[in-house]
Amino acid sequence: MIRYRYFFLLIPLCSLLLSSCIDEEEFPDSPDGNFEALWKIMDEHYCFFDEKGVNWDEVHTKYQKQLNAGMSDAHLFEVCANMLSELKDGHVNIFSSFDMARNWSWHEDYPENYDELLINHYLGTDYKIASSLRYKILDDNVGYLQYSSFQSDFGAGNIDQVLIEFAPCQALIIDIRNNSGGLLSVAEKLAARFTNEEILVGYMRHKTGKGHNDFSAMEEQRLKPSNGVRWHKPVFVLTNRQVYSAANEFVKYMKCCGAIIVGDHTGGGAGMPFSSELPNGWGVRFSACPMYDINKQSTEGGIAPDYSVALKSEDAVRGLDTIIEFVRSIVASH
């Protein structure tokens with residue numbers, strides 16, 4: 001029996017699905033049975049076959065040939081992992097007691113455009129911490145907020161205090177470089193501090209059948225303003241290729257709030273993850289619900305910045321982050 005369950009928490013932005021389980025065809029706990037179960041789970045529920053340009057039937061033929069009845073669990077895991085890697089999707093994983101298959105090509109093949117030593121130079125040792133938020137007013141009266149993971153939540157009082165602290169500042173920098181995601185509800189909660197009215201921020205669709213193109217109509221994602229302190233001055237969001245999943249969505253929301261995006265193209269990850277289990281107990285996670293921007297364009301491949309800026313080695317040797325300095329120069333010119 002294959003059992004499916006939604007991996008993420010309910011997102012307040014949209015009327016998404018609650019946790020569910022679906023009983024499907026039973027497969028034997030054998031190399032061939034586990035392989036076929038995995039292939040079918042993906043065939044019926046994965047949402048980006050067309051966008052990735054992957055012929056899943058051809059992939060089946062390619063990897064099914066590598067099976068044999070006496071193969072070890074480690075060998076079977078390798079075959080299954082290699083099959084899933086054809087999708088080049090950071091939300092696609094297979095989990096066993098001895099390994100987790102993953103694909104990080106969405107950032108590994110690109111410049112990092114982030115240096116922790118440089119960030120520490122700007123923050124110094126007297127920066128403030130509010131739950132998961134690190135922040136400081138730079139010497140040109142620009143607020144700097146670093147948020148490294150949307151897995152780490154914060155309270156309403158935390159962000160209230162941060163924005164009150166930044167009240168005298170002429171602009172705000174939110175640095176989410178290397179933030180590979182987490183909870184979409186947290187991304188929404190932060191973005192809600194940058195709008196004074198409910199706004200459209202994108203769309204989502206759900207699988208409605210087993211066909212690769214069986215999807216619901218576009219459903220609106222809307223962002224409501226927070227009841228707490230909100231920011232009304234210029235805001236810049238710093239990005240690189242490791243901005244992924246919930247962080248990618250945050251960038252999408254912030255563009256709708258009027259933020260200026262600076263740095264590198266984000267990594268993407270616009271499929272709501274879904275999870276399942278193979279007959280041998282291995283877990284599987286994959287993208288099931290595609291998300292889109294306000295123009296109904298997929299953001300699975302990432303979001304382009306308004307200003308494409310890369311770190312320069314000549315700046316780094318002087319302790320300067322080129323991307324941060326670019327924003328400061330914009331602020332100083334206005």
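In this predicted model, Trp56, Val59 and Tyr63 of helix H3 meet Val79, Asn82, Met83 and Leu84 of helix H4. The two helices, H3 spanning residues 56-64 and H4 residues 73-85, bring their axes within 10 Å and cross at roughly 155 degrees. That angle makes H3 roughly antiparallel to H4, and the crossing is right-handed.

H3 has another helical neighbour in H1, which covers residues 31-45; here the axes come within 11 Å and cross at roughly 165 degrees. So H1, too, ends up roughly antiparallel to H3, and the H1-H3 crossing is right-handed. On the H1 side the contacts come from Asp32, Phe35, Glu36, Trp39, Met42 and Asp43, and on the H3 side from Trp56, Asp57, His60, Tyr63 and Gln64. Trp56 and Tyr63 therefore turn up in both sets of contacts, facing H4 residues in one and H1 residues in the other.

Moving on to the sheets, 7 strands make up an open sheet, and their order is S4-S5-S6-S7-S10-S11-S14, with mixed pairing. Its edges are S4 (128-130) and S14 (307-308), each of which pairs on one side only. Within this sheet, S6 (residues 142-146) and S7 (residues 171-175) run parallel and share 5 bridges. Tyr144 sits opposite Ile173 of S7. Two helices can be placed relative to these strands. H6, made of residues 116-123, lies across S5 (133-137), S6 and S7, and runs at about 50 degrees to S5. H11 (residues 322-332) packs on the sheet as well, touching S6, S7, S10 (235-239), S11 (260-263) and S14. The direction of H11 makes about 160 degrees with that of S10.

A further set of paired strands involves S8, S9, S12 and S13. S8 (residues 199-204) is largely enclosed by the rest of the structure, because 5 of its 6 residues are buried. It is joined by 5 bridges to S9 (residues 219-223), and the two strands run antiparallel; Leu200 has Arg222 as its bridge partner in S9. S8 also runs antiparallel to S13 (residues 283-292), this time with 2 bridges, and Tyr203 is partnered by Tyr292 of S13.

S13 in turn pairs with S12, again in the antiparallel sense, over 7 bridges. The pair forms a hairpin with 5 residues between the strands, and Gly281 in the turn has a positive phi of about 95 degrees. S12 itself is mostly covered, with 6 of its 7 residues buried. One of the cross-strand pairs here puts Met272 opposite Cys289 of S13.

Helix H8 (residues 184-191) is tucked away too: 6 of its 8 residues are buried, so the rest of the structure largely encloses it. The buried ones are Leu184, Val186, Ala187, Glu188, Leu190 and Ala191. What do the buried residues of H8 pack against? They lie against helix H7 (156-165), S9, H9, S12 (271-277) and S13.

H9 deserves a closer look through one of its residues, Glu249, which belongs to this helix of residues 246-256. Glu249 counts as buried because its relative accessible area is 0%, under the 20% limit. Leaving aside residues up to four places away in sequence, Glu249 touches Leu184, Gln221, Met291 and Thr299. Leu184 is among the buried residues of H8, so this contact fits with H9 being listed as one of the elements that those residues pack against.

That leaves the cysteines. How many disulfides does a search of the whole structure find? The count is 0. Cys169 takes part in none, and its nearest cysteine sulfur, in Cys257, is 19 Å away. Cys169 is also buried, as its relative accessible area is 0%. What about Cys289, the residue opposite Met272 in the S12-S13 pairing? Its closest cysteine sulfur is that of Cys47, and at 6.9 Å this is too far for a bond, since a disulfide needs the two sulfur atoms within 2.5 Å. Cys289 is buried as well, because its relative accessibility is 3%.

Methods: Residues are numbered from 1 along each chain as its sequence is written. This is a predicted model: local features need pLDDT of at least 70, side-chain atom pairs count only at pLDDT 80 or more; totals for chains, interfaces and linings use all residues. Side-chain values use heavy atoms; hydrogens and water are left out. Buried means under 20% relative accessible area, exposed over 50%, partly exposed in between (1.4 Å probe, protein chains only). Helices (H or I, at least four residues) and strands (E, at least two) are DSSP runs, numbered from the N terminus. Contact means heavy atoms within 4.5 Å. Two strands pair if DSSP finds at least two bridges between them. Axes are lines fitted to C-alpha atoms, for helices over the stretch in contact, and angles run from 0 to 180 degrees between N-to-C directions. Angles under 35 degrees count as roughly parallel, over 145 as roughly antiparallel, 65 to 115 as roughly perpendicular and the rest as oblique. A crossing is left-handed if the near helix is turned anticlockwise from the far one by less than a right angle, and right-handed if clockwise.
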